[in-house]
Structures are given as C-alpha cells and as structure tokens.
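This report looks at nonpolar and aromatic residues, beginning with the surface and then turning to the interior.

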Amino acid sequence: MIAEVHDLVLNNRRVTVVEIHRLLGISVGTIHTIMHQHLKFRKICEQWVSHQLTAEQRNNRMELSLSHLQRYHEEEYGFLSHIVAGDETWCHHFEPESKSQSKQWKHATSPPPKKSKAVHTSYGNVMMSFFFDHKGPLLVEFLERGTTINAQRYQATLQNLKRAIKSKRPGMLFNGVIFLHDNARPHTANAVKTTLQQFRWETLEHPPYSPDLSPCDFHVFGPLK
C-alpha cells in the first residue's frame, strides 16, 4: 500500500489526496498517515522565478560566485572595502506631516487637537536608486513621478554617486572602486560602460537573471519595504 502511494506521487507530484483515494480505495486518513509519517512527504507551492536558467547560465553563476569567493579569501577586507553596490526599485513615496505642520491655534480652555493616524502627502510609486558600501548608504535618489531609469538618467546618477563617494569616503576614489550592479539594460548600455571606464572603476561581473546574487535585492530592498 505504501509503495503504491509512493509510485503515484512520483508519477504525478501534483496528485491530490482525493485522487489517491479514488485510485487506490484507501481512506483519506490512511493516506495522510502514509504521506506524512511513512513517506515524509509534504506539499508545498512552486516558487515563481522570472526566468528559467539554462545549464550554461547555472554554470556561469557557479563559476562567478566561486571566483568572487576566491578573491575574498585572497584579499579579504581589501576586496570588500572597495565594493560599491547599487540598484533601483519602486517604492511608495510620501512626506509625513511634521509636528510643526500639525499645530493649531487654540484657546487656553480648548481641548488639545488629536489625530488618529499619520497625515502625509502621498506621491504614489516612484523609482528609487540606492547605492551603498560596507560602511553604509552612499546615495539615495528618487526619480520624478512617472519616470523610470534609462541610460542617460543612469549616467547622471553615477556622476552624483561619484561626488557622494568623494564627500563621504575620502580616499576611496584614489584607492579604487569595485562597482557592482546587475545586468539591467540601462546598466549595460555602451554610454554607461564608457562612463565607468572614464571613472576607472572596476565593474564586478554579475551573472544574468540572478537577482538573488545582488546585495540590494537580497539584503536591502526586502527589509526596506
């Protein structure tokens, strides 16, 4: 009986308990016991991914990850301290009302004003560019509402990032910047590549369709939102 249930599951990972009951004539309770206690199965939802990687792309991910790890073992802090990472994301932008803005004129005998929730001016979803290094944030920029990033806008952001590094991390531009961003189209445009070459920044290679290897997507944007 256990072997029959096992074979059904291996032939169709989406088979339901009701279908097994109809095919084998086993009670639902017995099926649950076999599935969980004997076969140690549990049913989970498929994880959505934006792109199915080919074998070559998976190998590329592994090789690049091992290469970066090897470089870290060889250079340690000298490697990590030079990395500047950045990316863009959509976020809800609003300006909370300050205490000064909420003040009202009242008589001495008037009850104090109250509000049940924070009052703010909402600008809807806007695109945010965020860059940081091992010490913390370097640059946060919000694009105009209704606009998105393109190569020309990204070049301007990189110029602002360079000024931010010069101001907040004295000596870093001289010692060398290792720049990490993903392979979004504005990031890989020829004009952007030329700008990074003029900056003399090393670009850390990033495998395609791999947001889970980006520090921004993996470590920053989730908790931020």
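## A nonpolar patch on the surface

In this predicted model, Leu80 has its place in helix α5, which covers residues 77-80. Leu80 is partly exposed, since its relative accessible area is 39%, a value that falls between the limits of 20% for buried and 50% for exposed.

Together with Met62, Leu66, Leu69 and Tyr72, Leu80 forms a nonpolar patch on the surface, and these residues have about 460 Å² of accessible area together. Helix α4, residues 55-75, gives the most to this patch, with 4 residues.

## Two nonpolar cores

In soluble globular proteins, nonpolar side chains tend to be buried together. The largest nonpolar core here has 19 residues, and among those that touch the most other members are Val84, Tyr154, Leu161, Ile165, Phe179 and Trp201. The elements that give two or more residues to this core are β2 (120-133), β3 (136-142), α6 (151-168) and α8 (190-199), and α6 gives the most, with 5 residues.

Leaving aside neighbours within four places in sequence, Val84 is in contact with residues including Phe132, Leu138, Leu161, Ile165 and Phe179. A second, separate core of 14 residues includes Ile83, Ala85, Ile178 and Leu180.

## Aromatic rings

The count of aromatic pairs comes to 4. In one of them, the ring centres of Phe179 and Trp201 are 5.6 Å apart and the planes are at 50°, so the pair is tilted. Because Phe179 lies in strand β4 (residues 178-180) and Trp201 in the loop between α8 and β5 (202-203), this pair ties together parts that are 22 residues apart in sequence.

Phe179 is buried, with a relative accessible area of 0%, and Trp201, at 7%, also counts as buried. Phe131, Phe179, Phe199 and Trp201 form one aromatic cluster.

Key. Residues are numbered from 1 along each chain as its sequence is written. This is a predicted model: local features need pLDDT of at least 70, side-chain atom pairs count only at pLDDT 80 or more; totals for chains, interfaces and linings use all residues. Side-chain values use heavy atoms; hydrogens and water are left out. Patches are made of residues with over 30% relative accessible area and no salt bridge: like charges are joined within 9 Å, nonpolar side chains (Val, Leu, Ile, Met, Phe, Trp, Tyr) within 5 Å. Accessible areas come from the Shrake-Rupley method with a 1.4 Å probe; for residues, only the protein chains shown count as cover. A salt bridge is a side-chain nitrogen of Lys or Arg within 4 Å of a carboxyl oxygen of Asp or Glu. Buried means under 20% relative accessible area, exposed over 50%, partly exposed in between (1.4 Å probe, protein chains only). A nonpolar core is a set of buried Ala, Val, Leu, Ile, Met, Phe, Trp, Tyr and Cys residues joined through side-chain atoms within 4.5 Å. Contact means heavy atoms within 4.5 Å. Rings of Phe, Tyr and Trp (its six-membered ring) pair if their centres lie within 6.5 Å; planes under 30 degrees apart count as stacked, over 60 as edge-to-face and the rest as tilted.
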